[in-house]
Amino acid sequence: MSDLSENILPAAPKRTLGQRFTWLVDHFKREWQIYVMLLPVIIWFVVFLYKPMYGLQVAFKDYSIFRGVAGSPWIGFEHFQTLIYSDQFGRALKNTFMISMLSLCFGFPVPIFLALMFNEITHHVFKRTAQTIVYLPHFISTVIIAGIVITAFSPSAGIVNMVLGWFGMEPIYFLIKPEWFRPIFIGSGIWQEAGFSSIVFLAAIAGVNPSLYESAVIDGASRWQMMWKITLPSILPTIIIMLIIRIGNLLEVGFELIILLYQPATFATADVINTFIYRQGIQGAQYDLAAAAGLFNAVIAFILVMTANTIARRYSNTSLW
Amino acid sequence: MANMNLYSRGDKVFVRLNMVLITVFALLTLYPFIYIAAVSFSNGSAAAAGTVFWRPIGLTISAYDYVISEPLFWSSYKNTFIYTFGGTFVSMLIIVPGAYALSKQQLLGRRYFNLFVAFTMWFNAGLIPFFLNMRDLGLMDSYFGLIIAFACNAFNIILLRNFFEAIPKSFEEAARMDGANEFQVLWKVYLPLSKPALATIILFCMVARWNGFFWAMVLLKDEQKIPVQVYLRQVIATLSDDEEFGQSLLNQGYSVETVTAAIMVCSIIPVLIFYPFIQKYFNKGIMLGGVKE
């Protein structure tokens, strides 16, 4: 087989139906193995991702467990109307956007600064050690993060109240105070992910043309100037792409951590769409209503992701997928 | 950068300041771990009173004694290993051949198959239809159900497919001349050339499995099948709600805080052991994924 024939697609032959059929039979005889390899993926996607999409119809149905997804009667948009008029869903929607926007504002710049700072460190052992430490929390389970938060912010046993005590302050029961939920949640998110997220920016910095720095040094630029005038502008495309991805995933707040940390007392600021779905659907068995909330969520997420991808494609040649 | 000796005095101050800031950040990152470890080795009443700062107060291993005497701790720990290694193995069985097939130009309808996979990254049916589907399939409360239901995802397939596509065709020609079939080409040519990509995906799968708790909590009712993360959640929930039980713990030299801290330490240890091995793949892996997140 020559290189040339390898690179040419199996030409869709414009022949008669009979010839086409023999060509197909021939093709499958020769290439059946790759179809066998593909089969498990296709089955898996159909069973675990596409079949639930078919099951989304419960959002428009009066679902009963006994009748099943297909047998339950249609009721149209009733669940969506219920959701729109429900205070809880409105609150969840507002909280989702608030938490995402706040973590975007406070969380997004941190890894960029970390990467810029790491880049200035020339001491190898120091750099490696520090990187090893700051990447670590990424690999820790949400339950552990929640456990640490609960222990550290406990009113009687926690380190945070102990430190407040040094300054003569009364202990605060942080986890039942709605005004403290978001700072704690966003702070623990930054603690867990900022280090690991800096890898992308470090990789972008590694790709900056070294001759830029060389000529800057000849011109007498300081490290500080080079950081702001060369490194930061050079990684701007990466920063913008990452920002677009974040905006595309705006609805994806870490609801697992919220489930572990929130309490009825903090629902006012903590309850997001996915925790609402979990409570109504899985805990409360109101599957149809919760599925409607999920569909609402999925449609907005789809629009956001698509918009983000279109913008990214227009902005740079690298599409997101 | 190579121009180290060209640093001016201002640069040196700048670099020092940087090191100080990084050190502060690293210590802040590390501190919660130290704190939890210190609590776990502390005397129960000291921990409950909130006097532990960075070192154990009244050094004792009684919390660990309590934890290792709990049969549920051991069974959940074992289960976590089953889900992590079994799950990753099943994932690779599905993802690797699939990604290989999708990378092949001769695959008819390749465009549509790729779209079929990629679409699930943009649109997801959500928690409830997935949950109902699991129930309809009879996969609740089973090891197999939890393993198979999270075996695959579009991101990993696309990541590996892109890597396979970048391997020059000339590599497989010799094998094909010798009459190798697709499976042999994949096994003998592609896999050895794809170690960084495979390591990355194995890493992603294992981390997700080790840390996963939400679906394990939702799908598993049988206590004997829960992973350690779900067990930990149960312990935190029951210990902090049941004051009487908390008091009885205190009388035995440990407390709610020391016991939960001890379980957390036990659950972090395997991660710490594996961590140095996986760390070298971070940079490569993230670059493979590029911005395709």
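Biologist: How do you know that the end-to-end distance of helix 10 of chain A agrees with its number of residues?

Modeller: This is a predicted model, and the check is simple arithmetic. Helix 10 covers residues 178–206 of chain A, which is 29 residues, and at 1.5 Å a residue that should span 42 Å. The C-alpha atoms at its ends are 43 Å apart, so the two values agree.

Biologist: Where is the kink in helix 10 of chain A centred?

Modeller: On A:Ala194, with a bend of about 45°.

Biologist: And what makes B:Gly98 count as buried?

Modeller: A residue is called buried if 20 or more other C-beta atoms lie within 10 Å of its own. B:Gly98 has 26 such neighbours, so it counts as buried.

Biologist: Which residues is B:Gly98 in contact with, leaving aside its neighbours within four places in sequence?

Modeller: From chain A there are A:Met37, A:Leu38, A:Pro40 and A:Val41, and from chain B there is B:Ile157. B:Gly98 itself sits in helix 4 of chain B, residues 71–103. B:Pro227, on the other hand, is 129 residues along the chain from B:Gly98, with 29 Å between their C-alpha atoms.

Biologist: How many residues does each chain put into the contact between chain A and chain B?

Modeller: Chain A gives 87 and chain B gives 92. On the chain A side, helix 2 (residues 17–55) brings the largest share, 16 residues.

Biologist: What classes of residue make up the side of chain A that touches chain B?

Modeller: There are 62 nonpolar, 19 polar and six charged residues on that side.

Biologist: How do you know how chain A compares with a compact globule?

Modeller: Set the radius of gyration against the rule. A globule of 321 residues would come out near 20 Å, but chain A has 27 Å. Along its principal axes, the C-alpha trace spans about 90 × 70 × 30 Å. Buried residues are 39% of the chain.

Biologist: What is chain A built from, helices or strands?

Modeller: Helices: there are 17 of them, and zero strands.

Biologist: Which domains is chain A divided into, and how many residues does each bring to their contact?

Modeller: Domain 1 is 3–71 and domain 2 is 84–315. Six residues of domain 1 and five of domain 2 take part in the contact. The domain 1 side has four nonpolar, no polar and two charged residues. As for the C-alpha centres of the two domains, they lie 38 Å apart.

Key:
Residues numbered from 1 in each chain as written. Chains lettered and ligands numbered in written order. Predicted model: local features only at pLDDT ≥ 70, side-chain atom pairs only at ≥ 80, totals over all residues. Domains from an automatic or database assignment. Contact = placed C-beta atoms within 7 Å. Nonpolar A, V, L, I, M, F, W, Y, C, P; charged D, E, K, R; others polar. Helix = DSSP H or I, 4+ residues; strand = E, 2+ residues; numbered from the N terminus. Rg over C-alpha atoms; globule rule 2.2 N^0.38 Å. Buried ≥ 20, exposed ≤ 12 C-beta atoms within 10 Å, placed from the backbone. Expected span 1.5 Å × (residues − 1). Bend = angle between axes of the 7 residues up to and from the residue.
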